[in-house]
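The following paragraphs walk through one chain, from its overall layout to its cores, salt bridges and surface.

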Amino acid sequence: GGEHLRDWNVGLERAVRLPRKAELDSALGQQGVVLTQNAYGDAMHEAGRKLLSGWFAWLRERAQLEQWQQQVAVLKQQLDVVTRRVKAGDAARLEEELAQAALMQAEISLQQARLRADNAQVGLNRYFPTLALPAQAVAAEQMQPPARDLAYWLELGLDHNHELMLSRAE
């Protein structure tokens, strides 16, 4: 407001680096790298779990689809036999109708099994689009158990448990 003061301020700043600060910054950065590597490993582990879950769901649904296909084939044969017996006068018309009803129920179950198998395949293809699924599911009798014992897999699982390593790193 009209006054002229002759006061003024001058400042000079200089960063002061505490002893061992560079070493601490480097250690903190290295810890960040370890944390990131463990998070990446955990993400890969979760993707593996999703793949394993989806794969066995697909195998289960394919096996059920094949079982229903076999069931429908058997019921068609039975219907043919009953139809011939009815024409020969050896069976009542009710037996033929019961066989047709059983066949229709099995065909409905077959369509549901086909839908579930397709959904399982779509689920796998959504998350793993480059995964080539075999035309025929592997039968349980053809699967081989792991070559190592349970203690080996337990030790391996604990050594590579990314959730545990991530918690320790944090």
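**A walk through the chain**

Arginine 85 has a relative accessibility of 30%, so it counts as partly exposed, that class lying between the buried limit of 20% and the exposed limit of 50%. The model that gives this value is predicted. The partner of arginine 85 is glutamate 95: the two form a salt bridge in which the closest N and O atoms are 3.3 Å apart. This pair links distant parts of the chain, with arginine 85 in helix α1 and glutamate 95 in helix α2, 10 residues apart. Glutamate 95 is also partly exposed, because its relative accessibility is 34%.

The two helices belong to a plain layout. The chain has four helices and zero strands, in the order α-α-α-α from the N terminus. Its radius of gyration is 34 Å, well over the 15 Å that the globule rule gives for 170 residues, so the chain is more spread out than a compact globule. Along the principal axes, the C-alpha atoms fill a box of roughly 125 × 60 × 25 Å. Of the 170 residues, 18% are buried.

What is buried includes two separate nonpolar cores. The largest has 11 residues, among them Leu65, Val72, Val82, Ala99 and Ala117. Helices α1 (residues 21-88) and α2 (93-127) each supply at least two residues of this core, and α2 gives the most, with six. The second core has six residues, including Trp58, Leu59, Ala120 and Leu124. Valine 82, a member of the largest core, is in contact with Glu95, Glu96 and Ala99, leaving aside neighbours within four places in sequence.

The salt bridges come to nine in count. One of them joins glutamate 61 to arginine 116, with the closest N and O atoms 3.1 Å apart. Glutamate 61 lies in helix α1 and arginine 116 in helix α2, so this pair ties together parts that are 55 residues apart in sequence. Glutamate 61 counts as buried because its relative accessibility is 9%, whereas arginine 116, at 33%, counts as partly exposed. Both residues are linked with Arg60 in a network of salt bridges. Another bridge joins glutamate 23 and arginine 20, at 3.3 Å between the closest N and O atoms; both of these residues are exposed.

The surface comes last. The chain exposes about 13800 Å², and carbon and sulfur atoms supply 56% of that area. Leu52, Phe56 and Met143 make a nonpolar surface patch of about 280 Å². Within the patch, phenylalanine 56 counts as partly exposed because its relative accessibility is 43%, and phenylalanine 56 lies in helix α1.

Terms used: Residues are numbered from 1 along each chain as its sequence is written. This is a predicted model: local features need pLDDT of at least 70, side-chain atom pairs count only at pLDDT 80 or more; totals for chains, interfaces and linings use all residues. Side-chain values use heavy atoms; hydrogens and water are left out. Patches are made of residues with over 30% relative accessible area and no salt bridge: like charges are joined within 9 Å, nonpolar side chains (Val, Leu, Ile, Met, Phe, Trp, Tyr) within 5 Å. Accessible areas come from the Shrake-Rupley method with a 1.4 Å probe; for residues, only the protein chains shown count as cover. A salt bridge is a side-chain nitrogen of Lys or Arg within 4 Å of a carboxyl oxygen of Asp or Glu. Buried means under 20% relative accessible area, exposed over 50%, partly exposed in between (1.4 Å probe, protein chains only). The radius of gyration is taken over C-alpha atoms; the globule rule is 2.2 Å times the number of residues to the power 0.38. A nonpolar core is a set of buried Ala, Val, Leu, Ile, Met, Phe, Trp, Tyr and Cys residues joined through side-chain atoms within 4.5 Å. Contact means heavy atoms within 4.5 Å.
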